[in-house]
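User: I would like a close look at the salt bridges in this model. Please take them pair by pair and keep the terms clear.

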Amino acid sequence: MNIMKVKYLLYITTILISLSGCKVGKRYVQPKLNLPESFRGDTLTYQPDTITFPQVSWRDFFNDPQLIKLIDTALVNNYDMRTALKNIEIANRNLRQNKLEYLPSIDGNIATVNKQYRSRDFYSNPSSNWYSKNGKEAPENLYAYQSQFSAGLEFSWELDIWGRIAHQQDALKSDFLDSFEAKNAIQTKLVADVAKGYFNLIMLDAQIEVAKRNLRLNDSTLRMIQLQYDAGEITALAIQQTESQRLVAASLIPELEKEIALQENALNILIGEMPNVITRGFQIDSLMNIKKSITLGSPVAIVRNRPDIKRAEYALIAANAEMNIRQIMRYPQLSLSGVLGTNAMLPKNWYNIPGALLGGFVGGITTPVFRNGRLKNAWEVSKIEREKTELQLQQTVMEAVHEVSNAVITVEKQKEQIALARKRVENSELAVKNASLLFMSDYATYLEVITAQSNALSSELALVDLRQKQLEAYVDLYRALGGGWQETD
């Protein structure tokens, strides 16, 4: 008879488990993203076998060993990166734990003692067996109403008939992958921020060199004008205005020195170190490897490369899974539970086998009938939330395409600006030289010399600033295309 009961339970369990393959819900399908065929402003023709910006590792994209060293340090020490790695660990643990949801949960009852006492006005009688076995008469007040000593194992098992646990796994897997992309997004921003900070430091070094060189030129001009003043050829006004021009160049130096110190501190924050001097490497012309064979690639590629787009899609996958879970909550639920152990009235019989043996098995199917519309409303809201998340994905893709287009246009137009700025510097240097020669030959006034030197200073500083902005524009383009998180193969 006992064997027949066991076979019956196994038969029922097998049927119930087989029903758990019915996965309810809408399967995720990537929505149409309406990507253009090419980026606006892209003058390069994309070839499938041509290397694209995102395929280039940041180690190969930058050419300065000191910059690469700074980025390496930042990726290890930066607090945002370290926090992102902890988030990956948490998501991984949650995903691994979800796989155990298919198994029943088992609790061990090591020892339970239940002693209850009642008095004469209670509706029931004392535990007669307890008093009879102890040879006592039950008192009228505070008699032993119940006496139990138990131990054993209890289990409960919700069979995943409609795929609720499977959908939860989809959501947790999306969270896990999202944590990776969050780390990649932090890395791309960190690489870009460190590079821009380093470029700014190189630019400030170049500007302070321009200011010092211009100051030396002003000193030479001032000495020349002083000699003419001593000879009575010009008035004191010439000396005063020349000195004012010299002070303009001189005042730039402490300002630039301050900016250099502040930029070094900002870089030290990014790399997770205390304030200190930042070692510089190459000059501004050789900081990056910008090769003609590198192209932008197709807009479809940014969906595969940009962490923010992939995070938006993982959010949509999780929202789709949540919608399915809300739908399943409206379906019947199947659960099994049972207990096996010992239960005795007296402590001495606690583990008396088989007299104290206790066993039980419960299987039930429950379904919501009337919950004031809460379950249906939750499902309808989850569908709307999914639609919102899909809109956010499409918005993220559109903004990414615009960001790439803006970066491309900026790079191309700044090339034209730099070409004009170089001509301006050449012209201003020639003007300074000619003004000095004409002044010494009495064909030009000191004001013309001062004006020429002022124009030379501003034109050189402007050229240095444009060169830095051009480097930053390339970094922005690299990041906009999804570059910065790839490592060298």
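User: Before the pairs, in which helix of the protein chain is confidence lowest, and in which is it highest?

Analyst: Confidence is lowest in helix α1 (residues 2-19), with a mean of 54, and highest in α3, with a mean of 92. The score is pLDDT, the predictor's confidence in each residue, from 0 to 100. Helices here are DSSP runs (H or I, at least four residues), numbered from the N terminus. Over the protein chain the mean pLDDT is 83, and 90% of the residues reach 70 or more. Where pLDDT is low, the predicted coordinates should not be read in detail.

This is a predicted model, in which local features need pLDDT of at least 70 and side-chain atom pairs count only at pLDDT 80 or more, while totals for chains, interfaces and linings use all residues. Residues are numbered from 1 along each chain as its sequence is written, and side-chain values use heavy atoms, with hydrogens and water left out.

Now the salt bridges. A salt bridge is a side-chain nitrogen of Lys or Arg within 4 Å of a carboxyl oxygen of Asp or Glu. The structure has 24 of them.

One of these joins R59 to D72, with 2.6 Å between the closest N and O atoms. This pair links distant parts of the chain, since R59 is in helix α2 (residues 58-61) and D72 is in helix α3 (residues 65-77), 13 residues apart. R59 has a relative accessibility of 30% and counts as partly exposed. That term covers the range between buried (under 20% relative accessible area) and exposed (over 50%), using a 1.4 Å probe and protein chains only. D72 is also partly exposed, at 27%.

A second kind of pair stays within one helix. E243 and R246 both lie in helix α7 (residues 236-270), three residues apart, which is about one turn of the helix. Their closest N and O atoms are 3.7 Å apart. E243 has a relative accessible area of 27%, and R246 has 22%, so both are partly exposed.

Helix α10 (residues 374-440) holds E412 and K415, again three residues apart, about one turn of the helix. The side chains of E412 and K415 meet in a salt bridge at 3.6 Å, N to O. E412 is partly exposed at 29% relative accessibility, and K415 is partly exposed at 39%.

Finally, salt bridges can also be linked into a network, as they are for D205, E264 and R280.

Technical notes:
Helix = DSSP H or I, 4+ residues; strand = E, 2+ residues; numbered from the N terminus.
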